[in-house]
Structure formats: structure tokens, C-alpha cells
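The following exercises are to be worked through with the sequence and the 3D structure at hand. Each task is followed by a solution in steps.

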Amino acid sequence: MRATIDRVVAAAERAPLTVGTAPDVFRLDGSQVPALLFAGLASDLDPARAGLAEQLSVLAKAADGQPTRVSPGFAAFLREAFTSAGSATGSTAPSSTPASASTATPASTAR
């Protein structure tokens, strides 16, 4: 598992990983992927482990340049974690960073 994590993080540092299919397409960069995986370690319960396994599987496929699909739950997590969706103030990653460069953004706003 560690080798897969290292490979995924290295790929994301070279270029943002594209995960998901329309309308839930996200681009995750080298700062977001480690944060995403670290968040998956918050619990050692089986559902959390299954979620982390799903995330790592999707990210590994994206790192290999393969098309990926994300579950509705994973898509919702990405929207809440890396976009202003669900935020009363619209706060998210630093606004000085272009969405296409490093902010996980649904496809409708990433163009």
C-alpha cells in the first residue's frame, strides 16, 4: 500500500490527477492528495477503511492515466473538502490559486 501511495502522490506532484466523470470531475494536485489520504486515516472502523481503499484505488487509476469513477459519497466528500460547496461563506483553498492548477473543482467550473 505504501508504494501505491508514494506513486500516487508523486504523480499528483507532477500534474493534477483527474478523477470522476461528469458532472463530478475533480483535479487533485500534490498538496491535496496527501491531505485527502490523511483524512481517510481519521478512523480505524471498517467503513472508514473501505472508504480509504476506494479513494486510493481511484487515485491509483488516475495516476496511471486511466478514466475513473467516484462514488456519490466520495464525490460529495471532494466537493465539501476542496470546493466552496456546502460552505456558508464560500471559503476553500486560497483564491490566488487558479482552479485549473491545483484546486479540486467540479468540471462545470474548472474550464
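What is the sign of phi at Gly65, the residue that follows H3? Phi of Gly65 is positive, near 80 degrees.

The model is a predicted one, in which local features need pLDDT of at least 70 and side-chain atom pairs count only at pLDDT 80 or more, while totals for chains, interfaces and linings use all residues. Residues are numbered from 1 along each chain as its sequence is written, and side-chain values use heavy atoms, with hydrogens and water left out.

**Exercise 1. Describe the overall make-up of the protein.**

Step 1. Begin with the elements: the protein has six helices and two strands. Helices (H or I, at least four residues) and strands (E, at least two) are DSSP runs, numbered from the N terminus.

Step 2. Read their order: from the N terminus on, it is α-β-β-α-α-α-α-α.

Step 3. Turn to burial. Of the 111 residues, 33% count as buried. Buried means under 20% relative accessible area, exposed over 50%, and partly exposed in between (1.4 Å probe, protein chains only).

Step 4. Consider contacts, meaning heavy atoms within 4.5 Å. Among contacts between residues at least 6 apart in sequence, 55% join residues at least 24 apart.

**Exercise 2. Determine how the buried residues of H1 are arranged, and what covers them.**

Step 1. Check the span. Helix H1 (residues 2-14) has 13 residues and reaches 19 Å from its first C-alpha to its last, close to the 18 Å expected at 1.5 Å a residue. The expected span is 1.5 Å times one less than the number of residues.

Step 2. List the buried residues of H1: Val8, Val9, Ala11 and Ala12. Seen down the axis of H1, the buried residues fall within an arc of 160 degrees, so they line one face of the helix. The arc is that of the directions from the helix axis to the C-beta atoms.

Step 3. Inspect the other side of H1, where Arg2, Ala3, Glu13 and Arg14 are exposed.

Step 4. Identify the cover: strand E1 (17-21), strand E2 (24-28), H2 and helix H3 (46-63) are included in what covers the buried residues of H1.

**Exercise 3. Locate the cis peptide bond.**

Step 1. Find the pair: the cis peptide bond joins Ala22 and Pro23, with omega about 5 degrees.

Step 2. Place Pro23 in the chain: this residue is in the loop between E1 and E2.

**Exercise 4. Compare the two crossings made by H2.**

Step 1. Identify the buried residues of H2 (residues 32-39): they are Gln32, Val33, Leu36 and Leu37. These residues cover an arc of only 130 degrees around the axis, which puts them on the same side of H2.

Step 2. Take H3 as the partner. The axes of H2 and H3 come within 9 Å and cross at roughly 155 degrees. That makes H2 roughly antiparallel to H3. Axes are lines fitted to C-alpha atoms, for helices over the stretch in contact, and angles run from 0 to 180 degrees between N-to-C directions. Angles under 35 degrees count as roughly parallel, over 145 as roughly antiparallel, 65 to 115 as roughly perpendicular and the rest as oblique.

Step 3. Name the residues that meet: Val33, Leu36 and Leu37 in H2 contact Leu52, Gln55, Leu56 and Leu59 in H3.

Step 4. Take H4 (residues 72-82) as the partner. The axes of H2 and H4 come within 12 Å and cross at roughly 120 degrees. That makes H2 oblique to H4. Here Gln32, Leu36 and Ala39 in H2 meet Phe74, Phe77, Leu78 and Phe82 in H4.

**Exercise 5. Examine the surroundings of Leu78 and Phe74.**

Step 1. Leu78 is found in helix H4 and is buried, with a relative accessible area of 0%.

Step 2. Not counting residues up to four places away in sequence, Leu78 touches Val19, Phe26, Leu28, Leu36 and Thr83. The C-alpha atoms of Leu78 and Arg27, 51 residues apart along the chain, are separated by 10.0 Å.

Step 3. Phe74 is also found in helix H4, and counts as buried at 3% relative accessibility.

Step 4. Leaving aside neighbours within four places in sequence, Phe74 is in contact with Leu36, Glu54, Gln55 and Val58. The C-alpha atoms of Phe74 and Gln55, 19 residues apart along the chain, are separated by 7.4 Å.
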